[in-house]
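Here are some exercises to work through with the sequence and the 3D view side by side. Try each task yourself before you read its solution.

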Amino acid sequence: MSSAEFGDWKKAMGLISRLSDLDRLRLHKKIGSVMVDSTKERFKTGIAPDGSPWPKSKRAEREGGKTLVRKARLRNSITFRASARQVEWGTNVPYAKTHNNGEEIKEHVVQAKNRRSLRFFVNGQAIFRRKVTIPKFKMPKRQFIGLSEDDEREIREIIIGEIGEGYL
């Protein structure tokens, strides 16, 4: 058996050495930062990780604004948490999952809490009520959390930058 059958042993040992010296926390922080930026960019473009456009919201159509960015709470809540073992990015906003995955919303009652009444629009006219019943409806999927092909490529480049081009 020749060493060629097993590849370049010195190169393999070099990679093992580089991996053992790798600052994984720093690597995960770089990846987390890039993923937060990429996710926030989706709120500007309205494009899901798979490249499909988000369905435009009725509010954005009516007001000429951006979908999922009325007050930017959801977009501004995107953050990451990194350790030497892993990196996670996302949000703790309660309604994020509903928008990201799409969901059937059950009929429910909404009541004014901080003001005397709720304001909403019907056929362009403002209506004021203390409480309203929202009928069952399907919230369309507007995925903002996820990996696009560009994200995967960028993560690969970060990893290669950390362990060295010649080792992959």
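The exercises below go from the whole chain to single residues, and the model they use is a predicted one.

**Exercise 1. The overall picture**

Task: Find how many helices and strands the protein chain has, and in what order they run.

Solution:
- Start with the count: the protein chain has 6 helices and 8 strands.
- Then walk along the chain from the N terminus, where the elements run α-α-α-α-β-β-α-β-β-β-β-β-β-α.
- Next, look at burial: of the 168 residues in the protein chain, 30% are buried.
- The surface comes to about 12300 Å², with 50% of it supplied by carbon and sulfur atoms.
- Finally, consider contacts with a separation of 6 or more: residues 24 or more positions apart account for 63% of these.

**Exercise 2. Two packed helices**

Task: Work out whether α2 and α6 are roughly parallel or antiparallel.

Solution:
- Locate the two helices: α2 covers residues 24–45, and α6 covers residues 149–163.
- Take the geometry: the axes of α2 and α6 lie 10 Å apart, at an angle of about 160°.
- Apply the cut-off: angles over 145 degrees count as roughly antiparallel, so α2 is roughly antiparallel to α6.
- Add the handedness: the crossing of α2 past α6 is right-handed.
- Now list who meets whom. From α2 come Arg26, Leu27, Lys30, Ile31, Val34, Met35, Ser38 and Arg42, and from α6 come Asp151, Glu154, Ile155, Ile158, Ile159 and Glu162.

**Exercise 3. The nonpolar cores**

Task: Identify which residues form the largest nonpolar core, then look for another core.

Solution:
- The largest nonpolar core holds 12 residues: Val36, Phe43, Ala48, Trp54, Leu68, Val69, Ala72, Leu74, Ile78, Val93, Ala96 and Phe144.
- Another core, of 8 residues, lies apart from it and includes Leu27, Met35, Ile158 and Ile163.
- Go back to the largest core and choose Phe43, one of its members. Leaving aside neighbours within four places in sequence, Phe43 is in contact with Trp54, Lys66, Leu68, Val69, Leu74, Arg75, Ile78 and Phe144.

**Exercise 4. Two residues with positive phi**

Task: Compare Ala72 and Asn123: which is buried and which is exposed?

Solution:
- Recall the background: most residues other than glycine have a negative phi.
- Check the angles: phi is near 70° for Ala72 and near 50° for Asn123.
- Place Ala72 in the loop between α3 (58–63) and α4 (73–76).
- Place Asn123 in the loop between β5 (118–122) and β6 (125–129).
- Bring in accessibility: Ala72 has a relative accessible area of 9%, so it is buried. Asn123 has a relative accessible area of 81%, so it is exposed.

**Exercise 5. Two loop serines**

Task: Decide whether Ser57 and Ser148 are buried or exposed, and find their contacts.

Solution:
- Ser57 sits in the loop between α2 and α3, while Ser148 sits in the loop between β8 (137–139) and α6.
- Buried means under 20% relative accessible area. Ser57 is at 13%, so it counts as buried; Ser148 is at 12%, so it counts as buried.
- Setting aside residues up to four places away in sequence, Ser57 is in contact with Thr67 and Arg142, and Ser148 touches Arg42 and Pro49.

**Exercise 6. Partners far along the chain**

Task: For Arg73 and Trp89, find the element that holds each residue, then its accessibility and its contacts.

Solution:
- Arg73 belongs to helix α4. Its relative accessibility is 49%, so Arg73 counts as partly exposed.
- Between the C-alpha atoms of Arg73 and Val93 there are 8.1 Å, although the two residues are 20 residues apart along the chain.
- With neighbours within four places in sequence left aside, the contacts of Arg73 are Val93, Pro94 and Tyr95.
- Trp89 belongs to strand β2 (residues 87–90). Its relative accessibility is 21%, so Trp89 counts as partly exposed.
- Trp89 and Thr39 are 50 residues apart along the chain, and their C-alpha atoms are separated by 9.1 Å.
- Beyond neighbours within four places in sequence, Trp89 is in contact with Met35, Val36, Thr39, Ile78, Thr79, Phe80, Ile145, Gly146 and Leu147.

Technical notes
Residues are numbered from 1 along each chain as its sequence is written. This is a predicted model: local features need pLDDT of at least 70, side-chain atom pairs count only at pLDDT 80 or more; totals for chains, interfaces and linings use all residues. Side-chain values use heavy atoms; hydrogens and water are left out. Helices (H or I, at least four residues) and strands (E, at least two) are DSSP runs, numbered from the N terminus. Buried means under 20% relative accessible area, exposed over 50%, partly exposed in between (1.4 Å probe, protein chains only). Contact means heavy atoms within 4.5 Å. Accessible areas come from the Shrake-Rupley method with a 1.4 Å probe; for residues, only the protein chains shown count as cover. A nonpolar core is a set of buried Ala, Val, Leu, Ile, Met, Phe, Trp, Tyr and Cys residues joined through side-chain atoms within 4.5 Å. Axes are lines fitted to C-alpha atoms, for helices over the stretch in contact, and angles run from 0 to 180 degrees between N-to-C directions. Angles under 35 degrees count as roughly parallel, over 145 as roughly antiparallel, 65 to 115 as roughly perpendicular and the rest as oblique. A crossing is left-handed if the near helix is turned anticlockwise from the far one by less than a right angle, and right-handed if clockwise.
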